[in-house]
2 protein chains.
Amino acid sequence: MIRKFTFGNPIQTGAVAKSIGAADSADFPFEHSLSDSFSLELTMDKTDIVYGLGEANRGINKRGWIYESWCSDDPFHTETKRALYAAHNFIILSGKSNLGIFIDFPSKIIWDMGYTETGKIKIVIEGRDFDLYTISAASPREVVREFRGLIGKSYTPPFWAFGFQQSRWSYHNEEAVDRIIDGYDKAKIPLDCVYLDIDYMQSYKDFTVDGDKFPNFAEFVAEKKARGIRLIPIIDAGVKVDDGYEVFEEGKQNGYFCKRADGSDFEGGVWPGICRFPDFMRQDVRDWFGSKYKFLTDMGIEGFWNDMNEPALFYSAEGISRALDQAAQLQGQNLDLGKFFKLKDTFAGLSNSAEDYASIYHIIDGEPVNHQRVHNIYGSNMTRAAGEYFEKEFGKGKILMFSRASYIGAHRWGGIWFGDNHSWWSHILLCLKMLPGANMCGFLYCGADLGGFNENATRDLALRFLALGVFTPLMRNHSALGTRDQECFAFEEPEDFRDIIQVRYRLIPYLYNTFQTANENDDMIFRPLSFDYPGDKIARECETQLMLGEECMIAPVYEQNASGRTVYLPEDMAFVKLSGERVTKQKLAKGVHYVDVELNEVPLFIKEGKKIPLCKPAMRTSLLDTEDIEYI
Amino acid sequence: MIRKFTFGNPIQTGAVAKSIGAADSADFPFEHSLSDSFSLELTMDKTDIVYGLGEANRGINKRGWIYESWCSDDPFHTETKRALYAAHNFIILSGKSNLGIFIDFPSKIIWDMGYTETGKIKIVIEGRDFDLYTISAASPREVVREFRGLIGKSYTPPFWAFGFQQSRWSYHNEEAVDRIIDGYDKAKIPLDCVYLDIDYMQSYKDFTVDGDKFPNFAEFVAEKKARGIRLIPIIDAGVKVDDGYEVFEEGKQNGYFCKRADGSDFEGGVWPGICRFPDFMRQDVRDWFGSKYKFLTDMGIEGFWNDMNEPALFYSAEGISRALDQAAQLQGQNLDLGKFFKLKDTFAGLSNSAEDYASIYHIIDGEPVNHQRVHNIYGSNMTRAAGEYFEKEFGKGKILMFSRASYIGAHRWGGIWFGDNHSWWSHILLCLKMLPGANMCGFLYCGADLGGFNENATRDLALRFLALGVFTPLMRNHSALGTRDQECFAFEEPEDFRDIIQVRYRLIPYLYNTFQTANENDDMIFRPLSFDYPGDKIARECETQLMLGEECMIAPVYEQNASGRTVYLPEDMAFVKLSGERVTKQKLAKGVHYVDVELNEVPLFIKEGKKIPLCKPAMRTSLLDTEDIEYI
């Protein structure tokens, strides 16, 4: 049962797709208090689990930490970070009963999940205007289904977006792109997409292509498509301040950019240097910005990733100026520690500063609204701008679209990737733990940067990360400027990588169908084991394995120099290892096992009495024969 | 068999205690090349393990990453860091044969353990003057024994240093210290030591006590000792530049400080602001600095921790001045991204900069030697300064001494702690993985900051971390300024903490004896499972459990919200749970098991046919009745 409680005058976020009437606030079931913020408190039993928060840090069970809903461009996903790129304000408190809570509020929320007091959830909503939904159901899975019914069906990408995708910051010109495709083809490793990061543009200007690097872009795109490869360019939130640059001029002349308090356009530095920021809160701005993608779709582009849309702000002119003034005052002084650390912190704190965010204004219903009040729906509305345009122009499911920042509601317009992770072994598990959370909130098309974005991947890390990525709808290898080459063919013995990627292609019919079924049924693709085995204590606490669809359990290897892992089977299952076209299968009884998994093998567990389809591998999704199926 | 190869004219580091003759360099067994650096290469079989590097990052098996020997004040121990505080240049390549390599060289060494090429170890020694020892033996444990015979017996602390110790940055005055002791006593949690971090001093000046905070320090120390509590003050490497401050004046007048190229004293900023740095490379400086501890031992102090001795350098006057000049030039400019990031990086890079280190000179045998050539033995020689004084003045094993920075050789003069870790779950395992490495290199008295130094610990993290710390010779809870209170009595239901700490006291007779036996036999306290079960593949790869002494295996719980863990038993064992005075015991067969462990329980596995002694718990080590023993 869903109940809605409305407090004050909520800003419409677009999260909810089905309007329901508000209950009497006298029936509000939680202890709460109201000042400038609204605080509420719930009690947890010792063994209660808290699921949720979508794409968030730490465990599947969110107990024992404090989180913040505040879309953050923070590339350093250590375990104590409270906020990452997304603000997904949905949790389930699961134990003797199962209670979902969705707080539809576009500014900061603090979720203290037994961090301060082990037995209490304390939620602070930094405002007085919001909708809060409670959802009671017999199981956490049922709570999810009801919630998903409320927020509407998920974005579905084109079929080819289930193919393997290769990205890097940056394949900056034709030769670089060709070298990647040739590398994959030569190593006989399947591939469907190559990504264009910021360097394909002229001076990082959205909706431009650098003619020196790509002299005839439309032709180049067509050529690649004839080879079965889609190019996927990036689009950033900031629009470069550059006289004569059409997008900038149009935005400026039509007043489409975010404002300062004095009504002038806000300016902040991101990749192109000083930029202005489209006011995506407005429908007319979304329509305008969405239509700009036409520049690239006209040249044959069929997919995009929206980035830097928290929005990230490296600096503002005002912030730098203040920092430089501070530095000037210290010249010639013998700095004590206090002054030294203050200076260092000033420069370190220039990016994504609260001061800068507080100086931005949007126009909502004709009125100026400070950015901080709607921070968490900025990126989502950029995705919506693109998604609405694509749907109008091409129909549903034709254009690949996913975003870094997100809020619930954006799941109807695009997918997400899990942002700028690291080439850390711990980030294999972090990806795994994010998957059910993202699914709960409607984000079905999602995945992490496989192999890790920042820092250097080793061969074994890349292989083990990819062996998990085989199952994620978005299967993309992505790495940062200055890191070691991370393409599958760049490592020793690339045939091991081929074995892993081929498994992906063999599984696409199954994975695509599982995706569609989950979407139709308002269900999850990936579930915690506890959803399926609530009475089984080991399953309930398991944070290194997931249920996949109705048939499978996945359990990636996530430690270096390990030739296998321990795995818990909550019931008898078949232990399957997939590698290229090879399949081995072994019955294993309920219980704890150690299983061997080679670097070129994908482990999978199939429930008794279930079978899943496998097709033959192919070099492209377009070459898959999805009729020629064997069942394992 | 040990062989020594000498290249060039090595600087004497003091690592080796037993002089052996050099072999003919024509017999040098490794592929190598010499330019400004010396590079050597070894081939690894697929299943070879690389042990070693002492207190270093990542796994027990060092394969698959690249490490640097370069003592570094880096408090951010993420998994891709190459260098931490120590430089322990000893590895064992273990497979069909077992080969130890010790490189006695006090500057940077790069250890590429199959990172660039999966089957190769590539070592780059950044210099031409060093001793390299090879050690062949039948087992890795035997290699360790031979190596330890070479480097001499380990430092042994006083018995009371096996008690539980509470630290924080900072218990800054009498009331703060008393509050801690009262807190522990009231909660009936055993305690032996309270630490004084930098704030006990006058303006962070070594060998001073702030009279406002501790009006009668000697009396206060005696009072605490009468309660069974030792106070353990910190000593930093840098000496504050402050006219009239005795230590500074003596160092200046006698020319004891490190120099610049022009012969003037080098100055750099650390906690006291601008400091000069004793030239610990010199025996006369060590004698002088060591004798300064008398100021505190005369007031009843019996233990110290040496910190900031990599040496850490927050900044130099020259570095800050250069940074401020750069900032001044940018004022008024519209910064492009390049200039912005360069500016930000300049301020971020002020600390521990290569440029500053390169501007420091030591005097060795009367000649100036650039700091970079001897960087890794600076901290060790500070420990030696203290250790030599303590031994001369008080005899062996009377004064507690441990250090942050270290090099092999310092193990004869003091212990180590593993530096400024975080309140991260992953750092429970990082501590576990460092223990055998540290032991291999002679550092027997060691341990991590339990509960984690940086950031905030949750109650469950603190309990699980302490349950591992129960077994580490140094058992100290330490946390940073600005973090949540981390003392055991500060959390909800402190009786769970009492149950854990009491287990430590019950185990002290066993742990103390295991320590002494390991030292006598040139052996390790903690061993990887692979040392004991080389033919057992699961044991060989196990990175979450350790063998302890001849009797036990330890396997801490290291995941949040987990009521237990999976554990691998390489043979039949008794699964023991210790909690306060309670003991449960259950036979478990060889194999993989899931075991339940409550937050107030310490899990321990005892081999068949073995027994270990337990005494009764007491509030102080001095109150332990080590004759009243039961065997479990």
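User: Two strands count as paired if DSSP finds at least two bridges between them. So how many bridges join strand β16 of chain B to β17(B)?
Analyst: There are 3 bridges, and the two strands run antiparallel. Strands (E, at least two residues) and helices (H or I, at least four) are DSSP runs, numbered from the N terminus. This is a predicted model, where local features need pLDDT of at least 70, side-chain atom pairs count only at pLDDT 80 or more, and totals for chains, interfaces and linings use all residues. Residues are numbered from 1 along each chain as written, chains are lettered from A and ligands numbered from 1 in written order, and side-chain values use heavy atoms, without hydrogens and water.

User: What links β16(B) to β17(B)?
Analyst: A hairpin, through 2 residues. Val270(B) has Gly273(B) as its bridge partner in β17(B).

User: And which residue stands opposite Lys240(B)?
Analyst: Cys275(B), in β17(B). Strand β15 (residues 239–240) of chain B runs antiparallel to β17 (residues 273–276), with 2 bridges.

User: New topic. Where is Asp522(B)?
Analyst: In the loop between α14 (495–520) and β27 (526–527) of chain B. Its phi is near 50 degrees, a positive value in a residue other than glycine. Most residues other than glycine have a negative phi.

User: Is Asp522(B) buried or exposed?
Analyst: Asp522(B) is buried, at 15% relative accessible area. Buried means under 20%, exposed over 50%, partly exposed in between (1.4 Å probe, protein chains only). Ser203(B) also has phi near 50 degrees, but is partly exposed at 44%.

User: Which peptide bond is cis in chain A, at Pro311(A)?
Analyst: The one from Glu310(A) to Pro311(A), with omega near -5 degrees.
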